[in-house]
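Hi everyone, thanks for making time. I'd like to walk you through one structure today, so let's get it up on the screen.

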Amino acid sequence: QHVAIALVGRRALGGLGIDALFRDAAGLVARGLRVELGSVLELDPDGHTLRLRAGHGFPTAQTAVESDAGAQPQAHYAFAAGGPVVVEDRTDPDSFDPAPVLVQQGAVCGISVAIASEGHPFGILGGHAKRPRRFLPEDLHFVEAVANVLAAAIERRRIEETILHQATHDGLTGLANRAMLVDRIETALSRAQRRQHLLAVFFMDLDRFKLVNDSLGHAAGDSVLRQAAERLRTTLRAEDTIARLGGDEFVALCEDLSGPEEVAVVAQRLCGALAEPFRIGDQDIYALGSIGVAVDQGHGDAESLIGDADAAMYQAKAQGRGRWTLFAPTMRTDAAARIEAEAALRGALERDELRLTYQPIIDLASGAVTGGEALLHWQHPTRGLLGPEEFLPMAEETGLIVSVGRWALQQACRHAAGWPVA
């Protein structure tokens with residue numbers, strides 16, 4: 001028995017798959033106890049149903065049999081007791097009954113031990129014989145030791161899955177992150193080339209999200225993002241990939257589309273989903289969404305498709321927001337120009353390129369100046385003097401509007417302080 005415990009331990013540490021480990025454990029328990037049946041019964045999430053996850057001495061088809069934990073006290077009591085439960089002869093009216101799946105195989109006695117990881121029951125490890133017999137204390141310790149090895153392996157697997165999930169998913173929404181999205185797109189591109197199927201990438205941005213964050217706070221913004229993520233999940237198919245890249249940017253990958261008409265239908269449905277109000281406390285918030293769509297033409301890669309969809313999304317914003325636009329090659333030039341303009345605007349304050357001009361407000365009856373309006377311009381190094389409509393929308397989208405606005409207020413106050421007062 002000590003050799004069997006060491007063997008299952010080595011296999012668990014060696015990275016043996018969990019199903020193979022369960023099969024090994026069922027066989028080791030049966031051989032170590034010298035009984036006909038070894039089993040791992042898994043508790044379903046409902047907390048009542050036990051399923052035969054792995055068995056030794058069972059017909060292959062038997063592994064799908066279910067049973068109610070409440071109807072077989074031996075397993076039920078093993079969970080409650082936290083230690084081994086022994087039945088030496090189930091014909092004894094005072095004994096526990098094994099699970100029906102074991103009774104069907106002729107089990108009349110056996111040992112059952114709960115497999116619990118971090119205090120959460122996973123299932124039951126057992127060894128059962130088809131004729132009455134007595135079990136020694138070392139038999140109980142043996143089954144307990146194997147159950148502990150399985151519990152440790154389950155916990156290790158849970159931690160590994162948690163780490164993997166955190167590495168590939170967005171922490172706020174539970175959606176895929178950029179790394180997983182890129183991997184999924186690359187795989188989808190390979191499939192599309194083999195099958196000649198159409199795939200599309202949808203890049204979505206919430207149009208008024210910054211206003212929500214600034215006016216209602218980040219908790220409200222997080223709620224909007226979670227609601228948006230859930231809407232996207234329910235709007236798209238289960239096989240589609242939905243990712244959050246950060247901020248209020250979401251990307252969806254849809255494969256096996258029938259043609260441009262279905263691409264348009266999906267885009268319109270996404271627009272409609274984001275157009276519905278988001279509930280924050282007792283008020284409705286409208287954020288809308290601009291969507292850019294890039295369709296694979298058979299020669300792209302993941303990053304190119306995401307970039308093309310991003311460029312199309314900015315075009316949708318420029319056309320009025322709350323709508324979708326299909327990518328066109330000319331948008332690459334527009335995107336490059338936008339990136340260049342954003343970089344230039346970020347340096348405009350440092351290079352003292354912003355200008356304020358003033359327009360007086362005059363009382364026509366008296367001719368007196370009663371106030372004034374300050375107008376912001378950008379003295380661009382190559383394009384000349386730009387009006388606010390040419391760069392303020394970009395400043396708002398990038399968040400530069402805060403720095404630009406602060407500079408304009410300080411400059412206007414400084415100038416006003418130096419003007420003569422009548």
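**A look around Leu270**

Let's start with Leu270. Skipping its neighbours within four places in sequence, Leu270 is in contact with Phe202, Met204, Leu232, Thr235, Leu236 and Ile291. Keep in mind that this is a predicted model.

So where does Leu270 sit in the bigger picture? The largest nonpolar core has 33 residues, and Leu270 is among those that touch the most other members, together with Phe202, Met204, Leu206, Phe250, Val263 and Val293. Which elements give two or more residues to this core? They are β7 (198-206), α7 (209-216), α8 (218-235), β9 (249-257), α9 (260-275), β10 (278-280) and β12 (289-295). There's also a second, separate core of 28 residues, which includes Ile18, Leu21, Ala30 and Val113.

Okay, on to the sheet. It's an open one with 5 strands, in the order β8-β9-β7-β12-β13, and the pairing is mixed. Now, why do β8 (241-246) and β13 (324-326) have a side without a neighbour in the sheet? Because they stand at the edges, each with a single partner strand. Ignoring direction, neighbouring strands here are turned by 20 degrees against each other on average.

Zoom in on β7 and β9: they run antiparallel, joined by 7 bridges. Phe202, which we met as a contact of Leu270, stands opposite Ala252 in β9.

Last, the helices. α9 lies across β7, β9, β12 and β13, and runs at about 20 degrees to β7. Then there's α10, residues 302-318, lying across β7, β8, β12 and β13 at about 140 degrees to β12.

Terms used. Residues are numbered from 1 along each chain as its sequence is written. This is a predicted model: local features need pLDDT of at least 70, side-chain atom pairs count only at pLDDT 80 or more; totals for chains, interfaces and linings use all residues. Side-chain values use heavy atoms; hydrogens and water are left out. A nonpolar core is a set of buried Ala, Val, Leu, Ile, Met, Phe, Trp, Tyr and Cys residues joined through side-chain atoms within 4.5 Å. Buried means under 20% relative accessible area, exposed over 50%, partly exposed in between (1.4 Å probe, protein chains only). Helices (H or I, at least four residues) and strands (E, at least two) are DSSP runs, numbered from the N terminus. Contact means heavy atoms within 4.5 Å. Two strands pair if DSSP finds at least two bridges between them. Axes are lines fitted to C-alpha atoms, for helices over the stretch in contact, and angles run from 0 to 180 degrees between N-to-C directions.
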